[in-house]
Amino acid sequence: MKISLLVPCYNEEKSLEASIKSCLNQTRKFDELVFIDDSSTDKTPQILASFGDKIITHRVPKNTGNKSRAQEFGFQFVTGDFVVTTDADTLLKPNFVEEIEKSFQDPKVVAVAGVVKSLPYNWLTLCRAFDYVVGQYIHKLAQSHMNFIFVMPGAASAFRVETFRKYITFDHDTITEDLDFTYKIHRNQFKIVYNQQAISYTQDPTNLKNYINQLRRWFGGGWQNVIKHYSIIVTKPIRAFELSVIYAEGLIFSVLIFIIPFLNLWFAFWFVFGYFTIAFVFAVWAAWKEKRWALILVPFPYIFIMFVNAYVYLEQFVKEVIFRKKNLVWFKPDRVTITKTS
Amino acid sequence: MPFTPFIGISVIVHICVIFGCWLFSWIPTKEKIAQGTTYVGYAVNSGIIVAVFMLIFIQAGFLVHASIVDKHSSVKFFASSITQIKKIKIPELLNIVIASTNVSSGTQLSDNPMADLLIKNRTDNPFIYQVEPVNNFNDYTYIQSKLNDISKTFQ
């Protein structure tokens with residue numbers, strides 16, 4: 001079983017070295033590590049070169065401005081049976097490849113979704129870490145029981161290369177390529193497994209501007225994919241159920257939380273207080289689960305973040321679904337140096 | 001990416017699925033993947049989508065309803081503000097026709113302390129008196145009906 005790694009990089013000098021080291025430091029080594037330099041203008045090429053023949057490096061002649069285009073460029077150099085796709089700001093846990101290999105022992109498995117955790121930095125990354133815990137240990141776990149993984153994380157996914165080349169490929173017509181891949185896999189009735197032991201640590205936006213821009217990409221891309229892959233929603237009851245629960249809740253409650261304060265300020269206060277209490281219960285559970293005790297404090301900023309999330313969700317719905325203004329411009333958040341590795 | 005902007009109904013639904021699987025070894029879509037979709041299937045799945053949206057919409061509707069009927073409701077506040085505007089429109093002094101010429105000023109015309117009407121003074125017409133609502137009672141419709149009743153009792 002030959003397992004390759006594919007990592008597109010663009011101006012990743014702050015995080016790249018730690019990321020490459022984590023990829024090299026695996027209990028089951030990658031058979032091939034392909035790094036694509038998307039015409040970086042910082043020290044990324046030098047850092048890649050410093051690893052010599054331990055990694056394979058290719059440089060895109062002209063910046064593609066889009067992760068999936070850089071990935072597509074790099075895919076031609078992948079020679080493995082399986083490929084792990086991750087980001088240059090992501091660290092892989094030492095047993096990551098080992099776990100991926102275990103999941104692919106089942107010949108029906110076409111893709112493996114790993115777990116993404118947020119590297120600690122500030123209150124925003126704490127909120128994101130909380131989202132990841134709830135999203136992956138509740139939503140995604142239930143989805144794996146229902147045989148319908150909603151999204152393969154861009155920072156921790158692995159694919160059977162032959163199937164990927166034949167059925168999935170790169171369309172570049174949505175801004176969230178990972179969701180596009182996932183829906184294509186479902187459309188072709190292939191099997192995705194969720195491996196909770198294949199863990200990666202990623203760097204999330206550390207300021208509000210970057211956070212909002214990332215949400216715009218995620219939610220905007222989410223709506224783009226719903227429009228693109230609408231037919232898969234109505235072809236299986238479980239997909240119809242799962243996707244309508246997710247999108248109905250997002251849409252209706254995003255409107256609701258902005259309406260209620262106008263209808264009844266006192267009621268809105270109790271509504272927020274109730275939400276805070278629920279978030280607190282989940283935060284205690286998340287802190288215990290992750291052994292990251294700062295998560296207990298997350299309900300305080302999370303109330304604010306809830307309104308930000310809801311606003312961006314509605315904004316992207318209006319933009320992408322109502323006005324059909326498709327945004328395909330890639331957003332890359334500012335990186336910070338990775339100082340704490342797990 | 002976060003699935004929805006909230007920790008809400010979907011979390012509860014997914015927790016139920018997880019517990020369902022643990023407790024009853026229940027796998028909702030066990031190996032039904034390879035089946036094609038018929039027109040009936042499309043109809044059923046579309047029905048599921050509509051039903052889920054309706055259920056969540058109804059839940060949201062309950063919250064909206066509860067916030068409107070609550071005593072702190074802004075809707076109620078604005079409704080009462082409109083009544084306040086009506087209050088201003090009520091004339092301070094109202095005319096009443098009473099079939100008597102010896103009703104003196106200051107006579108109270110009602111035994112309800114919250115809806116009292118006070119004879120203010122006579123007009124040029126000896127049978128018409130001016131009355132004023134007291135105790136901040138400003139329900140104009142009620143005052144009018146009260147005046148009519150009082151008028152009849154003097155006839």
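**Chain B in outline, and a helix and a strand residue of chain A**

Good morning. In chain B, 19% of the 155 residues are buried. I should state at once that the model before you is a predicted one.

Let me remain with chain B for a moment. The chain contains four helices and three strands, and their order along the sequence is α-α-α-β-β-β-α. If we take the contacts in chain B between residues at least 6 apart in sequence, 51% of them join residues at least 24 apart.

I now turn to chain A, and to helix α3, which spans residues 67-75. Which residues of this helix are buried? They are A:Lys67, A:Ser68, A:Ala70, A:Gln71 and A:Gly74. Viewed down the axis of α3(A), these buried residues fall within an arc of 155 degrees, and therefore they line one face of the helix. The general background is that an α-helix has 3.6 residues a turn, so residues three or four places apart point the same way. The elements of chain A that cover the buried residues of α3(A) include the strands β1 (3-9), β2 (32-37), β3 (56-59) and β4 (82-85), together with helix α7 (177-187).

Strand β3 of chain A brings me to my last residue, A:Thr57, which is found in that strand. Is A:Thr57 buried or exposed? A:Thr57 is buried, because 20 other C-beta atoms lie within 10 Å, and 20 is the number at which a residue counts as buried. Leaving aside neighbours within four places in sequence, A:Thr57 is in contact with A:Phe35, A:Asp37 and A:Leu48. As for A:Asp31, it is 26 residues from A:Thr57 in sequence and 14 Å from A:Thr57 in space, C-alpha to C-alpha.

Thank you.

Methods. Residues numbered from 1 in each chain as written. Chains lettered and ligands numbered in written order. Predicted model: local features only at pLDDT ≥ 70, side-chain atom pairs only at ≥ 80, totals over all residues. Helix = DSSP H or I, 4+ residues; strand = E, 2+ residues; numbered from the N terminus. Buried ≥ 20, exposed ≤ 12 C-beta atoms within 10 Å, placed from the backbone. Contact = placed C-beta atoms within 7 Å. Arc of directions from axis to C-beta.
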